[in-house]
Amino acid sequence: MTTASDPSYPAHWEADVVLRDGGTARIRPITTEDAGRLVSFYEQVSDESKYYRFFAPYPRLSARDVHRFTHHDYVDRVGLAATIGEEFIGTVRYDRIGPDGRPASAPADEAEVAFLVQDAHQGRGVASALLEHIGAVARERGIRRFAAEVLPANNKMIKVFKDAGYEQKRSFEDGSVHLTLDLEPTAESLAVQRAREQRAEARSVQRLLTPRSVAVIGVSRSGGGVGAAALRNLRDSGFRGHLYAVNEAATTDLLDGVRAYRALGAVDDPVDLAVIAVPAERVPEAVAACGEHGVQGLVVLSAGYGESGAAGLDRQRELVRQVRSYGMRLIGPNAYGVINTAPEVGLNASLTPAPAPIHGRIGLFTQSGAIGISLLSALLRRGEGLSSFVSAGNRADVSGNDILQYWYEDEATDVALMYLETLGNPRKFTRLARRTAAVKPVVVARGGRHTPAGHVVPGTRLPDATVSALLRQAGVIRVGTVTELVDVGLLLASQPLPAGPRVAILGNSESLGVLSYDACLAQGLRPGAPQDLTTAATAADFRTALGAALGSAESDAVIVTVIPWVNEQEPQDDLAGALRDAVAAHPGKPVAVVHVELAELVDALAPAGALSPRLRPTGQDEGGYARPDVRIPAYPAAERAVRAVAEAVRYGQWRRTNADTGQVPEYEDIDEAGAAARLATLLADVGEDVLTLTEPDAAALLAHYGIRVLPTLPAPTADAAVRAARSLGYPVALKTTAPHLRHRADLGGVRLDLATEADLRRSYEELTDLLGGPGELLPVVQAMVPRGVDTVVRSVIDPAAGAVLSFGLAGVASELLGDTAHRLVPATDRDAAGLIRSIRTAPLLFGWRGSDPVDTPALEELLLRLSRLVDDHPEVVGVTLEPVVVAPEGLSVLGAAVRVAHPPARTDLGPRTLPSY
């Protein structure tokens with residue numbers, strides 16, 4: 001008998017999932033304690049669904065059925081349930097069978113599978129989620145195929161199997177459809193899984209941002225406090241749905257003009273979103289009330305959770321468990337709130353007071369409330385609007401990944417701005433960011449290089465520049481400050497992407513033009529000579545010059561510099577109109593304005609209708625500007641404008657070159673199963689420690705992936721060195737392997753091209769006399785290889801970035817100067833080609849100063865093979881190949897160090913799950 005507390009209970013199979021409609025459910029193994037739940041579940045299933053499951057009328061489960069369906073060995077017989085709270089909403093089970101279709105044990109690798117989903121929950125994707133999870137369980141237990149018998153009329157279940165993406169066979173036998181599914185993941189099944197994940201997570205965020213009714217729980221009668229502020233902001237934002245205030249001590253029907261109730265249960269109508277603003281110790285009571293009322297999502301403003309220490313972190317974990325038990329999603333705790341400016345919604349469920357952000361095309365996500373305030377204020381001052389805003393606080397449930405899923409398909413969002421303190425699930429983030437960046441810009445500012453309190457994600461060991469490079473590989477625009485986040489976002493939201501790096505500069509200030517020119521050079525752009533219009537230039541002069549620059553085939557972007565007129569006779573809105581006219585007449589190229597103390601010009605160039613009444617010039621209505629549909633960002637410093645343009649240039653280049661992301665190649669000689677078996681043997685007696693493999697073990701593991709490490713033979717004595725050289729064949733190299741001398745030819749620890757026994761004995765004597773005895777030096781002998789360029793290839797698992805592939809030249813270039821490039825694993829053929837070309841010393845590989853070019857295709861293949869090894873086997877936590885000598889023809893791996901460990905759970909692989917707490 002197995003219960004949830006039994007040591008044999010597979011707790012790692014438990015998972016929270018997001019369903020198709022955006023709600024959540026928990027999937028877990030069925031235990032002997034579930035008999036009552038199973039009977040209750042079956043009683044709620046329709047007779048038709050029971051008939052489809054058992055192929056005959058089956059009104060109730062017998063005691064024998066209940067025993068069978070709740071007693072499992074979790075190897076040959078497994079049952080999983082999808083639950084909301086304590087209630088079963090769906091079940092799935094498999095029974096291992098042999099070739100004759102009868103019950104069997106391993107090594108039989110086929111199982112019969114069957115589902116049953118409560119009718120009220122059909123259409124929510126419950127069966128699809130259960131199939132993903134039971135499939136992963138089956139693969140873990142050595143089952144490779146599922147067999148299923150389905151009645152022809154059961155179209156829903158046939159579709160579940162058909163749409164899963166697995167390779168399958170179908171036949172019609174004895175009045176039923178016989179299906180066989182190969183459980184080996186395929187590109188199609190992975191694509192199906194990720195598409196379902198995207199739709200479900202996007203829908204869950206959509207439900208939070210488009211509620212038809214909102215209740216604020218914790219509204220004080222005095223009008224003070226967080227709850228009252230949130231209620232006022234909701235009311236004043238013009239929320240289009242129903243609004244309710246909840247205060248257990250309410251004595252009137254209205255609070256701040258909003259219908260008030262003593263308890264949420266007293267509200268007769270459905271409530272889609274609840275904003276909770278009560279002390280942390282009272283939040284569980286509020287969450288329970290929301291769950292019982294059928295609320296879909298929560299925004300918890302209350303503090304006192306992970307940000308407050310260990311006790312708060314425990315409270316936070318329990319909050320997530322409670323929220324998910326009701327099928328809800330959570331923003332927070334310690335959140336600043338959410339905003340949706342869509343005219344049909346008008347939601348400001350945040351602590352942002354009036355004037356609220358106006359409607360725009362920028363989506364904004366922050367983990368920090370303080371940074372959220374700063375960003376909202378900066379956008380408001382610049383006259384820019386938002387499509388949506390989420391400040392997730394401790395982001396215990398809904399994270400930046402969920403918001404990216406929503407923005408990816410949100411037609412109201414053109415640019416995604418994100419302030420992140422950690423990347424959460426880094427593999428998933430980079431995957432989602434790459435996909436989103438292919439259709440709209442993703443701009444990220446990262447704060448905090450160490451793990452902040454309340455965030456249970458480890459910090460990164462990688463240098464900040466490396467993290468930036470990896471984000472750029474995924475198409476993310478990485479900026480250093482929140483000011484740059486706004487600057488870049490403004491340009492991308494209002495301007496087309498530049499076709500190249502050529503920048504025209506014009507304006508009425510020669511000095512400002514020169515500053516812009518210098519800034520362009522510093523950013524790697526190709527500026528033309530600044531055109532000085534002189535301080536006497538009129539609005540018409542600007543219109544003519546800008547039109548000419550935009551119409552020129554020699555420019556891809558234009559910087560306009562403006563200083564105040566001495567006589568102040570030229571109205572700023574006249575200049576704005578002139579610039580707008582020129583842009584409208586020559587669309588297709590980005591324009592940025594650099595100004596000196598011209599706040600009115602900034603206002604005049606802001607989007608029509610975007611200015612709040614406070615910013616709109618007196619007497620100026622929304623349609624008063626010339627070309628009000630044309631938007632031009634303005635910056636108070638040349639460096640800021642140029643930086644924004646440069647980021648747009650780099651992003652545009654990424655969009656053009658990464659339309660084809662490349663492929664992860666297949667190599668027929670890779671022995672994945674052999675490597676897995678070897679790793680299992682090596683780790684059999686290893687606990688939680690990291691194991692550094694011996695050189696023979698490392699070489700044997702790498703050989704499974706076609707990576708040959710040149711053998712070395714120990715030379716504890718001169719005679720042993722001679723015997724080794726005879727075995728390998730002259731000429732040979734004599735090297736020390738002592739840690740302090742390894743790869744240090746400059747210290748005399750390497751002797752090359754030893755062609756004779758005499759040469760070898762003389763070098764051995766010199767080496768030991770100079771550097772120490774053989775016991776200290778640990779000398780080895782290795783065959784000589786063709787000369788070439790010495791390089792270093794590494795892969796490491798970083799807690800914040802995932803698996804990273806690195807490349808550089810051996811020695812000073814990478815060790816002292818840090819000239820190393822990085823790519824995320826799995827690397828594609830395009831990634832490998834770009835990796836070796838992105839280091840500053842790359843010309844040495846391609847025939848610098850008349851030298852012979854080396855075999856870069858062989859080097860790219862080595863990188864791809866190593867990437868495959870690390871991606872296929874998460875047990876491999878670190879690999880260093882040094883040196884890798886790349887010759888004009890072929891390469892040689894002279895040394896390899898490999899570290900392995902039992903892998904952590906990979907949340908980016910396997911069935912869809914929410915992060916666990």
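Is Arg395 buried or exposed? I looked this up first in the predicted model. Arg395 has a relative accessible area of 6%, so I entered the residue as buried.

**Backbone entries**

I then read the backbone of Arg395 and noted a phi near 35°, a positive value in a residue other than glycine. I placed Arg395 in the loop between strand E19 (386–391) and helix H11 (400–409).

I recorded a positive phi for Asn334 as well, about 60°, although Asn334 is not a glycine. Asn334 belongs to the loop that runs between strand E15 (329–331) and strand E16 (337–340). I wrote Asn334 down as partly exposed because its relative accessibility is 28%, and the partly exposed class lies between 20% and 50%.

I turned next to peptide bonds in the cis form. One of them joins Val825 and Pro826, and I noted an omega of about 5°. I located Pro826 in the loop between E36 and helix H26 (829–837). A cis peptide bond also joins Glu882 and Pro883, with omega about -10°. I found Pro883 within strand E37, which covers residues 876–886.

**Aromatic entries**

How many aromatic pairs does the structure hold? I entered 11. I took up the pair of Tyr9 and Tyr74, whose ring centres are 6.3 Å apart and whose planes stand at 85°, so I classed the pair as edge-to-face. Tyr9 sits in the segment before strand E1 (15–18), while Tyr74 sits in the loop between helix H3 (63–70) and strand E3 (77–84); the pair therefore ties together parts that are 65 residues apart in sequence. I noted both Tyr9 and Tyr74 as buried.

I next examined Tyr336 and Phe389. Their ring centres are 6.3 Å apart and the planes meet at 85°, so this pair is edge-to-face. The pair links distant parts of the chain, 53 residues apart: I found Tyr336 in the loop between E15 and E16, and Phe389 in strand E19. Tyr336 has a relative accessible area of 10%, so I listed Tyr336 as buried. Phe389 is buried too, because its relative accessible area is 0%.

I also entered a cluster of rings, in which ring pairs link Tyr42, Phe54, Tyr58 and Phe69.

**Surface entries**

Which residues make the nonpolar surface patch of about 340 Å²? I identified Val812, Leu816 and Leu817. I placed Leu817 in the loop between helix H25 (812–815) and strand E36 (820–824). Leu817 counts as exposed because its relative accessibility is 54%, and the exposed class begins over 50%.

I then searched the surface for charge. A patch of negative charge gathers Glu167, Asp182, Glu184, Glu188, Asp671 and Glu672. I traced Glu672 to helix H20, which spans residues 672–682. Glu672 has a relative accessible area of 39%, so I recorded Glu672 as partly exposed.

**Cross-check of places**

I went back over the entries that refer to the same elements. For strand E19, I have Phe389 within the strand and Arg395 in the loop between E19 and H11. For the loop between E15 and E16, I have Asn334 and Tyr336. For strand E36, I have Leu817 in the loop between H25 and E36, and Pro826 in the loop between E36 and H26.

Note on methods:
Residues numbered from 1 in each chain as written. Predicted model: local features only at pLDDT ≥ 70, side-chain atom pairs only at ≥ 80, totals over all residues. Heavy atoms only, no water. Patch = residues over 30% accessible without salt bridge, like charges linked within 9 Å, V, L, I, M, F, W, Y side chains within 5 Å. Areas by Shrake-Rupley, 256 points an atom, 1.4 Å probe, with all protein chains shown as cover. Salt bridge = Lys/Arg side-chain N within 4 Å of Asp/Glu carboxyl O. Helix = DSSP H or I, 4+ residues; strand = E, 2+ residues; numbered from the N terminus. Buried < 20%, exposed > 50% of the residue type's maximum accessible area, 1.4 Å probe, protein only. Lys, Arg positive; Asp, Glu negative; His and termini not counted. Charge placed at Lys NZ, Arg CZ, Asp CG, Glu CD. Phe/Tyr/Trp six-rings, centres within 6.5 Å; stacked < 30°, edge-to-face > 60°.
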